[in-house]
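Here is a friendly walk through a protein model, written for someone who likes to check backbone angles and strand pairings. Keep the viewer open as you read.

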Amino acid sequence: MKQCIIKQPSGIGDIFFLQKIAHVYREKGYEIIWPVRDDIFWISEYIDGVSWYKVSDDYPHKELYQYAGFVETDEVVFIDCLDADRTHSDGRIMSSKYSIAGLDYSDWDKYFKFNRKRDKEDALYYDVLKLKDDSVYAYINDLFHTDVRKSDLIGDVCYDMEIVRNQVIDGYTVFDWCKVLENASKIHMIGTSISYIIDVLDLKITDPDDYVYHTRSEFIFNEVNYLFKKPMRMIWK
């Protein structure tokens, strides 16, 4: 079988965003080879149809991984999405990851499919966070980056309800917060992988004033404001 190697070992949101590329080449008959950082290999438990590898593993055509750009032969396609904005820029970082392969990014959300572990979602919701079916709360996320960094952008926002803050909890992944996200009455967050998950969930929230996306600069705002379809209010400081 022909193979397609996608070079995007992290961040997590980028990997979510790029699932359409995997779908397109899978439909063409390619096996999708996707090495990711060892510490986020848990993605392989949630997204099917990809041969996931740890970057530290031996995997087919590993010698290509040192290169940038787009390469297509009779046996393999190599797509370097990680550096696409430098080798094949269309003027924007995220959409360049698609244009390097000659693909349209605009319906990326239709191809971002993942398995939900409902038992873990319930355990997190009821047992760990102590929420109830009728709880009214604001979900707040000020964590970002694969290496988990904390932002100070939304520390001064006031809420008139219970607050549930995103946190790293052993045994749970970002996917296991789906129930929390779906049932939130307000969401305030900075740009991170969770934004992509939110965009494909059936939220309780419908008013864009209740879903607020905070960024540090107009540059970052302009880099993401064209990606998401859920009604939201985007602000920068």
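The notes below cover a sheet, some backbone details, the cysteines, a helix and a surface patch. Please bear in mind that this is a predicted model.

**The five-stranded sheet**

Let us begin with the strands. Five of them make an open sheet in the order E9-E6-E10-E11-E12, and the pairing is parallel. Strand E9 (162–165) and strand E12 (233–236) stand at the edges with a single partner strand each, so one side of each has no neighbour in the sheet. On average, neighbouring strands of this sheet are turned by 20 degrees against each other, with direction ignored. As general background, strands of a sheet pair through backbone hydrogen bonds, either parallel or antiparallel.

You can follow the pairing across the sheet one step at a time. Strand E6 (residues 137–141) and strand E10 (residues 186–190) run parallel and are joined by four bridges. Here Ile140 has His188 in E10 as its bridge partner. E10 in turn pairs with E11 in the parallel sense, over four bridges, and His188 stands opposite Val212 in E11. Four bridges also join E11 to E12, again in parallel, with Val212 opposite Arg233 in E12.

How many residues of strand E11 (residues 211–215) are buried? Five of its five residues are buried, and the strand is described as mostly covered. Tyr211, Tyr213 and Thr215 point one way from E11, whereas Val212 and His214 point the other way. The residues on both sides are buried.

**Backbone details worth a look**

Most residues other than glycine have a negative phi, and most peptide bonds are trans. With that in mind, a few places in this model deserve a closer look. The peptide bond between Ser10 and Gly11 is cis, with omega at about -25 degrees. Gly11 belongs to the loop between strand E1 (3–7) and helix H1 (12–17).

The table lists residues with a positive phi.

| Residue | Phi | Place |
|---|---|---|
| His61 | near 60 degrees | loop between strand E3 (51–54) and strand E4 (70–72) |
| Lys130 | about 60 degrees | loop between helix H5 (118–128) and E6 |
| Gly29 | near 100 degrees | follows H2 |

Are His61 and Lys130 buried or exposed? His61 is partly exposed, with a relative accessible area of 24%, while Lys130 is exposed at 61%.

**Cysteines**

How many disulfides does a search of the whole structure find? The search finds zero. Cys81 is in no disulfide, and the nearest cysteine sulfur, which belongs to Cys4, is 8.3 Å away. A disulfide would need the two sulfur atoms within 2.5 Å. Cys81 counts as buried, at 0% relative accessibility. Cys178 is buried too, with a relative accessible area of 0%.

**A helix and a surface patch**

Helix H2 (residues 19–27) has several buried residues: Gln19, Lys20, Ile21, Ala22, Val24 and Tyr25. In an α-helix there are 3.6 residues a turn, so residues three or four places apart point the same way. Gly29, already in the table, comes after H2.

For a view of the surface, turn to Ile93, Phe219 and Ile220. Together they form a nonpolar patch with about 270 Å² of accessible area. Ile220 sits in helix H8 (residues 218–224). Its relative accessible area is 38%, which makes Ile220 partly exposed. Because patches are made of residues with over 30% relative accessible area, Ile220 meets that cut-off at 38%.

Key
Residues numbered from 1 in each chain as written. Predicted model: local features only at pLDDT ≥ 70, side-chain atom pairs only at ≥ 80, totals over all residues. Heavy atoms only, no water. Patch = residues over 30% accessible without salt bridge, like charges linked within 9 Å, V, L, I, M, F, W, Y side chains within 5 Å. Areas by Shrake-Rupley, 256 points an atom, 1.4 Å probe, with all protein chains shown as cover. Salt bridge = Lys/Arg side-chain N within 4 Å of Asp/Glu carboxyl O. Helix = DSSP H or I, 4+ residues; strand = E, 2+ residues; numbered from the N terminus. Buried < 20%, exposed > 50% of the residue type's maximum accessible area, 1.4 Å probe, protein only. Pairing = 2+ DSSP bridges. Axes fitted to C-alpha atoms, helices over the stretch in contact; angles between N-to-C directions.
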